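Trainee: Could we go through this one slowly? I'd like to know what stands behind the labels.

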Amino acid sequence: YTLTVLNAGGAAVPTATVRTDLPESLTLVSAAGLSLNGTTLTGQVTDIPAGGSRSLSFQARVVSRQPI
């Protein structure tokens, strides 16, 4: 999976915090630059230029067939 932060503003953003909840049907395999607390993945992206984006990626495995 990839989390992408888009800076739609007119000025650069020095740091942004990214958070997402991992569904109970997934288990985290690896996440460079992200930390897991309960089911919440949190990370930081830096130096996002105006109109630009930054991404963080992680790998997860399906542990049940519940809807994600």
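Trainee: What makes Arg-65 count as exposed or buried?

Mentor: Keep in mind that this is a predicted model. Arg-65 has a relative accessible area of 86%, and the cut-off for exposed is over 50%, so Arg-65 is called exposed.

Trainee: Where does Arg-65 sit along the chain?

Mentor: Arg-65 lies in the segment after strand E7, which covers 59–62. Its C-alpha atom is 9.3 Å from that of Leu-26, although 39 residues separate the two along the chain.

Trainee: And which residues does Val-63 touch, leaving out those up to four places away in sequence?

Mentor: Val-63 belongs to the segment after E7 too, and it touches Glu-24, Ser-25, Leu-26 and Thr-27. To be called a contact, heavy atoms have to lie within 4.5 Å. For Val-63 and Pro-23, 40 residues apart in the chain, I can give you the C-alpha separation, which is 10 Å.

Trainee: How many helices and strands are there overall?

Mentor: The protein has zero helices and seven strands, so reading from the N terminus you get β-β-β-β-β-β-β.

Trainee: Why is the protein called more spread out than a compact globule?

Mentor: Set the value against the rule: for 68 residues the globule rule gives 11 Å, while the radius of gyration is 14 Å, well over that, so the protein is more spread out than a compact globule. The C-alpha atoms fill a box of roughly 45 × 20 × 15 Å along the principal axes.

Trainee: What share of the residues counts as buried?

Mentor: Of the 68 residues, 25% do; the cut-off there is under 20% relative accessible area. The accessible surface comes to about 4,500 Å², with 50% of it belonging to carbon and sulfur atoms.

Trainee: What share of the contacts with a separation of 6 or more joins residues 24 or more positions apart?

Mentor: That share is 72%.

Trainee: How do you know that E4 and E5 count as paired strands?

Mentor: Pairing takes at least two bridges, and four bridges join E4 (residues 34–37) to E5 (residues 40–48), so the two strands pass; they run antiparallel. Ser-35 has Thr-42 in E5 as its bridge partner, and Asn-37 stands opposite Thr-40 in E5. The two strands make a hairpin with two residues between them, and Gly-38 in that turn has a positive phi of about 70°.

Trainee: What makes E2 and E4 edge strands?

Mentor: The open sheet has three strands in the order E2-E5-E4, with antiparallel pairing. E2 (13–21) and E4 each pair on one side only, and that makes them the edges. Neighbouring strands in this sheet are turned by 25° against each other on average, direction ignored.

Trainee: Which residues have the most contacts inside the largest nonpolar core?

Mentor: They are Val-18, Leu-34, Val-45 and Phe-58, in a core of 13 residues. E1 (2–6), E2 and E5 each supply at least two residues of this core, and E5 gives the most, with three. In soluble globular proteins, nonpolar side chains tend to be buried together.

Trainee: What does Phe-58 touch, again leaving out residues up to four places away in sequence?

Mentor: Its contacts are Tyr-1, Leu-3, Leu-22, Leu-28, Ser-30, Ala-31, Leu-34 and Leu-41. Leu-34 is also one of the residues with the most contacts inside the core.

How values were computed:
Residues numbered from 1 in each chain as written. Predicted model: local features only at pLDDT ≥ 70, side-chain atom pairs only at ≥ 80, totals over all residues. Heavy atoms only, no water. Rg over C-alpha atoms; globule rule 2.2 N^0.38 Å. Buried < 20%, exposed > 50% of the residue type's maximum accessible area, 1.4 Å probe, protein only. Areas by Shrake-Rupley, 256 points an atom, 1.4 Å probe, with all protein chains shown as cover. Axes fitted to C-alpha atoms, helices over the stretch in contact; angles between N-to-C directions. Core = buried A, V, L, I, M, F, W, Y, C linked by side-chain atoms within 4.5 Å.
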